[in-house]
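Let's take a walk through this one, starting with the rings and ending at the surface. Keep the viewer open as you read.

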Amino acid sequence: MAPEHDGGEPGKPEPSRQSLRGLDWFILFLADVQTGFGPFIAVYLTTQKWTQVEIGFVLSIGGIVGLLGQMPGGAIVDAARSTRLVAGAAVLTICFCALGYAAFPVFPIVVTAATLHAMASCVLGPAIAAVSLGLVGPLRIGERLGRNARFASLGNGVAAAVMGTCGYYLSSRSVFVVTFLLALPTLYALSRIRARDIDAAQAHGAALKTADYSPVRFRDLIRQRPLLIFAGAVLLLQLANAAMLPLMAGVVTTRSADWAPVLIAFCIVVPQAIVALTSPTVGRKAQQWGRRPFLLLGFAALTIRGVLFATVTDPYLLVAVQLFDGVTAAVFSVMIPLIVADLAFGSGRYSLALGIIGTASGIGASVSTILAGFVADRFGAPTAFLGLACVAALGLAMIWSIMPETRRSETA
């Protein structure tokens, strides 16, 4: 794939419809590919007579590598001449990892595949955000990120249904074969994004490509107070959010074991549907109203969700409570890359800044499940839910009191 052009000039031409549609389909098929590495791994390895300890070790390896690789992954994307090439290499890596799972479910191969998959995933997210920014520029990135979130949600929903059906009627191994085969439409969609439509300077967060331009240093980037505040807010977001659905799944199972699988499925599908329906609107309105109102809305919805999980006893009403999860997901699936684009503007370190926020997110998610599980075991699930709601309320207070508005105007 050819490198993107080093434009950055004012009056950049509109990206072609082909490139924009190509990005839509790439995100949709990529979501299909990534879905194959969700809970299907545990199911498949169980059918291969793996112990729970071995399965847990593999999942932990992926989680640790994914956490440690966020900032290096972002730095790789920033240094690349072609973000499309990085994305394509990551897709191929993930698909061959899927083939490794399917063909050789032995410990060394599976551990290697889990490690490579986590490493590839660390560059895919920043690469997609960078391509999006390079296509449309900083003033229209909000609506583009909303569209990205819509197609990712649609891809997740379709893939879960298709792979679940394949796993039921064929075998759990077939899920990874399907994942491998999805590389073809994914890479074709990526090839439809024209290199000349991507402004490489904008993709990396540079304000203007000039002869004496050089990206800011890492130590200067992490000293930016708004970026650190936002990283802290995202850490609190994941600390409050990551454990809620697993904890609620346990509660539903104890109260209605027969209907638990169906109810949990609805609890996953409902937020995805809300994200698909509302994300483009969130991105568009964020440019009109600013970022802080949506951050406040997302944290408020998370706080209310935690309180309701602690007080609602009817397992069927818990599905309705998941509407608030959809609100939070729709907001932050757009706001995280959008606010980072605001904060990294002119630095040339957009993907690295995304990696910093991704690291904070991973830390919060890792601590959340451990902490909430401990509290639930000692004091009960309602207390754990209230504790998570308090963490979300703390994030709400942080946004209200110290997080600055980051929206850029056309004259900024």
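Tyr44, Tyr101 and Phe176 are a good place to start: ring pairs tie these residues together into a cluster. Bear in mind that this is a predicted model. Across the structure there are nine aromatic pairs. One of them joins Trp289 and Phe294, and this pair is stacked, with 5.9 Å from centre to centre and 5° between the planes. Why does that angle earn the label "stacked"? Because planes under 30 degrees apart count that way, and here the angle is 5°.

The two partners in that stack sit in contrasting surroundings. Trp289 is exposed, its relative accessible area being 54%, while Phe294 is buried at 8% relative accessibility. The labels follow from the cut-offs, because exposed means over 50% and buried means under 20%.

Now swing over to helix H6, which spans residues 107-136 and contains His117. Is that histidine, His117, buried or exposed? With a relative accessible area of 15%, His117 is buried, because the cut-off for buried is under 20%. And what does His117 touch? Leaving aside residues up to four places away in sequence, His117 makes contact with Gln34, Phe37, Ile94 and Cys97.

Last stop, the surface. Leu92, Phe96 and Leu99 make up a nonpolar patch there of about 270 Å². Zoom in on Leu99 and you'll find this residue in helix H5, which covers residues 83-103. Leu99 has 32% relative accessibility, so this leucine counts as partly exposed.

Definitions and conventions. Residues are numbered from 1 along each chain as its sequence is written. This is a predicted model: local features need pLDDT of at least 70, side-chain atom pairs count only at pLDDT 80 or more; totals for chains, interfaces and linings use all residues. Side-chain values use heavy atoms; hydrogens and water are left out. Rings of Phe, Tyr and Trp (its six-membered ring) pair if their centres lie within 6.5 Å; planes under 30 degrees apart count as stacked, over 60 as edge-to-face and the rest as tilted. Buried means under 20% relative accessible area, exposed over 50%, partly exposed in between (1.4 Å probe, protein chains only). Helices (H or I, at least four residues) and strands (E, at least two) are DSSP runs, numbered from the N terminus. Contact means heavy atoms within 4.5 Å. Patches are made of residues with over 30% relative accessible area and no salt bridge: like charges are joined within 9 Å, nonpolar side chains (Val, Leu, Ile, Met, Phe, Trp, Tyr) within 5 Å. Accessible areas come from the Shrake-Rupley method with a 1.4 Å probe; for residues, only the protein chains shown count as cover. A salt bridge is a side-chain nitrogen of Lys or Arg within 4 Å of a carboxyl oxygen of Asp or Glu.
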